[in-house]
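I kept a short notebook while going through this one. Here are the entries, cut-offs included.

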Amino acid sequence: MPLANRPGFCKGAPVLAFKPQKHLASHVDTLWVTNGPLETRATFEYYPVPTSDVLIILDERTCEIFHCSAATTRGTVTASAGKAYFALRLRPGMGADLFGTWETRRTDATTSLDRLFGIPSDSLGQMLLEAATPRRQADLLFSTLQNQRPGSAGLAHGQLAGRIIETTGGGIPVANVARELGISPRQMERQVRLFTGLTPKGLARSVRLQHCFERLHHGGFANLASLAQDLGYMDQPHFIRDFKSMTGKTPGQYLAGTRMAAHVTDVAVPAPDRPLFQF
C-alpha cells in the first residue's frame with residue numbers, strides 16, 4: 001500500500017517533499033524522501049489514493065522496490081528502523097507508462113520489482129547511497145525517470161480523463177469529461193478502469209479526497225461549510241459524511257490526529273465537545 005498520503009515526521013528522519021520540474025510534472029506529483037534512515041520503527045496511515053506509487057526501501061545492504069496500485073481502502077503500514085524510504089506519487093493513469101496497464105488496472109495491489117527505470121534494484125540502491133543527501137537523491141530519481149522520456153503526446157483517453165478529473169479537483173461531472181473527450185460514458189469508464197483500476201466516479205471521489213487533504217493541511221478557509229463549498233459538495237453534512245466514509249474520521253478528528261490542525265470547527269461533533277483547532 002502507499003506509504004503515506006502526506007509528508008510526516010519520524011524521530012530522527014523528517015520526511016521531505018520534492019516537486020518535479022515542469023517537464024515531469026505531467027506524470028509525477030510528488031516525491032517523499034526520509035532524511036536518512038529511520039531511527040525507530042514508524043507507523044503511517046494511508047487512505048484511498050487514485051494513483052500509482054513507487055516505494056523504495058533502502059539500507060546499506062539491500063534496495064527493495066515496489067509498485068503500489070491505486071488504493072480503495074484505508075489502513076496502516078509499518079516502516080522499519082534503519083531503513084530510508086522513498087515514495088514517488090505519479091499522477092492518475094500515468095503509471096501505465098512505466099508499468100503497463102496490466103499493473104494499473106488493478107487496485108489495492110503491491111508488486112515487487114527487480115528494477116526501476118530500467119535499472120536493477122541493487123544498482124539503483126548504490127546510486128541512491130552515493131547521492132547521500134535527500135536533494136541529490138531526489139534529483140537522481142527525477143533525472144533517471146526523465147530518461148524514460150514520458151511525454152504528454154499520444155496520451156490515451158483514460159489518461160486524459162484522469163488529467164481532467166485531477167485538474168478540476170474531482171469536482172467535474174464525469175459525463176462532462178466524456179463529452180470533452182468526444183467519447184461515450186461507457187468508453188470512458190473502460191478506459192479509466194484500464195489506466196487507474198477505478199471507475200470515473202471512484203477516481204473523482206478519490207481525487208477530491210486528496211484535494212481535501214491539501215486544503216485541510218494548508219488552511220485558508222473560515223470553516224468546514226466554506227471548505228465544503230470550495231470542494232464542490234452540496235452542503236457541509238454531505239462533505240463530512242463522504243470524508244468519514246473514506247477515512248473513518250471526521251475532518252476535525254483527522255486534523256487532530258495529524259498534528260497539523262487548521263482553524264476549523266467540526267460541527268459534526270456535539271456542541272459541548274466541539275473542538276476548535278488552530279495553527
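**Cores.** I began with the largest nonpolar core, where Leu 31, Ile 56, Phe 86, Leu 88 and Leu 116 touch the most other members out of 26 residues. For a nonpolar core I took buried Ala, Val, Leu, Ile, Met, Phe, Trp, Tyr and Cys residues joined through side-chain atoms within 4.5 Å. Buried is under 20% relative accessible area, exposed is over 50%, and partly exposed lies in between, with a 1.4 Å probe and protein chains only. At least two residues of this core come from each of β3 (28-34), β5 (53-58), β6 (63-68), β8 (84-90), α3 (121-131) and α4. Helix α4 gives the largest share, five residues. Helices (H or I, at least four residues) and strands (E, at least two) are DSSP runs, numbered from the N terminus.

I noted that this is a predicted model, in which local features need pLDDT of at least 70 and side-chain atom pairs count only at pLDDT 80 or more, while totals for chains, interfaces and linings use all residues. Residues are numbered from 1 along each chain as its sequence is written, and side-chain values use heavy atoms, with hydrogens and water left out.

Next I listed the contacts of Ile 56, meaning heavy atoms within 4.5 Å. Leaving out residues up to four places away in sequence, Ile 56 touches Cys 63, Glu 64, Ile 65, Ala 84, Tyr 85, Phe 86, Leu 116, Leu 124, Leu 128 and Leu 141. I also found another core lying apart, with 17 residues, including Cys 212, Leu 227, Phe 243 and Leu 255.

**Helix α4.** Which residues of α4 are buried? I got Pro 134, Gln 137, Ala 138, Leu 140, Leu 141, Phe 142, Thr 144 and Leu 145. I checked the length too: the expected span is 1.5 Å times one less than the number of residues. For the 13 residues of α4 (residues 134-146) that gives 18 Å, in agreement with the 18 Å between its end C-alpha atoms.

**Salt bridges.** How many salt bridges does a search of the whole structure find? It finds twelve, counting a side-chain nitrogen of Lys or Arg within 4 Å of a carboxyl oxygen of Asp or Glu. I looked at Lys 19 and Asp 29, whose side chains meet at 2.7 Å, N to O. Lys 19 sits in the loop between β2 (13-18) and β3, and Asp 29 in strand β3, so the pair ties together parts ten residues apart in sequence. Lys 19 is exposed at 54% relative accessible area, whereas Asp 29 is buried at 15%.

I then took Asp 242 and Arg 205, which form a salt bridge at 2.6 Å, N to O. Asp 242 belongs to helix α10 (residues 236-247) and Arg 205 to helix α8 (residues 200-218), so this pair ties together parts 37 residues apart in sequence. Asp 242 is buried at 9%, while Arg 205 is partly exposed at 35%. I also saw Asp 59, Arg 61 and Lys 83 joined into one network through shared salt-bridge partners.

**After α8.** I found Gly 219 just after α8, with a positive phi of about 70°. The 19 residues of α8 should span 27 Å, and its end C-alpha atoms are indeed 27 Å apart.
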